Amino acid sequence: MHSRTITLMTFLTAAATAGVGCSSTTAPFSPPYNPQIPTNWVGAVTNAYFPLVRGTTYQYRGQTPQGLETTTVEVLPSTRTLNGVAATEVRDRVYLNGVLIEDTHDWYAQDGAGNVWYLSESAKDYENGVLVSTEGSWEWGVDGALPGVIMWSNPAAHVGEEYRQEYYKNHAEDWGKVIAVGQAVTVPYGSFSGCITIEDWVGLDPGQPRGRKTYCPQTGQVLEVKVGSSERVELISRTP
């Protein structure tokens, strides 16, 4: 999950939490990752902070030093089976000054406890209309890649805990941490309360600025800010 894009992101058992979380993320060479993969999955992603209703489209907008960035996130009607799990597909397209710079397909699934897992990513980066990279792409079970948690069922139970959002060694190692709950926020799409904020970062590049994403009940992600700057990418519309 590329950190520059807006992406749509109950307490697990103690053993599962120990498997997902980790204590150190300051070095490019991070500790082993041995998550306890759930065996019980549900057919739809209904997590209040990360609802993926098929057919929904989100539009985001933000001003960056390079220009106007707009993002279109679509929850597609299609699904994909990964290791026997039916995953919901989400397409994420990022434009800079109206020109496509990234086109990503992500796959998510929800376990029986309500946690949402990130199972796979197909990323394409463009420059001047030309595909220049697919780095960061990964698939659960291929070349040792493993899923991570993109959203807890009960985020309040994980405040301050560092956890992996994805894992493909030396290619895709993003992390997250719930840093606030019970938040109120206003963006062009509307005003919200009861929101949470997750700070995420690229484990392979500790020097890259971290992002803080705010998710609100029954809506999902509404805001992303970059730590140390005034950049804000905000939800401006959602259909239907």
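## Around strand 8

Let's start with a single pair: P147 has E166 in strand 10 as its bridge partner. The two strands involved, strand 8 and strand 10 (residues 166–167), pair in the antiparallel sense over 2 bridges. Here strands are DSSP runs of type E with at least two residues, numbered from the N terminus, and two strands pair if DSSP finds at least two bridges between them.

Strand 8 covers residues 146–151, and 5 of its 6 residues are buried, where buried means under 20% relative accessible area, computed with a 1.4 Å probe on protein chains only. Strand 8 is also joined to strand 5 (residues 116–127) by 3 bridges, again antiparallel. Within that pairing, G148 of strand 8 stands opposite Y118.

## What you are looking at

A quick note on the basis of all this: the model is predicted, so local features need pLDDT of at least 70 and side-chain atom pairs count only at pLDDT 80 or more, while totals for chains, interfaces and linings use all residues. Residues are numbered from 1 along each chain as its sequence is written, and side-chain values use heavy atoms, with hydrogens and water left out.

## Strands 1 to 3

Now to the strands with lower numbers. Strand 1 (residues 57–64) runs antiparallel to strand 2 (residues 67–82), with 8 bridges joining them. A hairpin of 2 residues links this pair, and Y58 faces V73 of strand 2.

Strand 2 also pairs with strand 3 (residues 85–96), antiparallel and over 11 bridges. One of the contacts here puts T71 with V94 of strand 3 as bridge partners. The hairpin between strand 2 and strand 3 has 2 residues between the strands, and N83 in the turn has a positive phi of about 50°.

## Strands 3 to 5

Strand 3 and strand 4 are antiparallel neighbours in pairing, with 9 bridges between them; V90 stands opposite D106 in strand 4. Their hairpin has 2 residues between the strands, and N97 takes a positive phi near 55°.

Strand 4 (residues 99–110) is mostly covered, with 9 of its 12 residues buried. Strand 4 is joined to strand 5 by 9 bridges in the antiparallel sense, and the bridge partner of T104 in strand 5 is A123. This hairpin has 5 residues between its strands, with G114 in the turn at a positive phi of about 100°. From strand 5, the pairing with strand 8 takes you back to where we began.

How values were computed: Buried means under 20% relative accessible area, exposed over 50%, partly exposed in between (1.4 Å probe, protein chains only). Helices (H or I, at least four residues) and strands (E, at least two) are DSSP runs, numbered from the N terminus.
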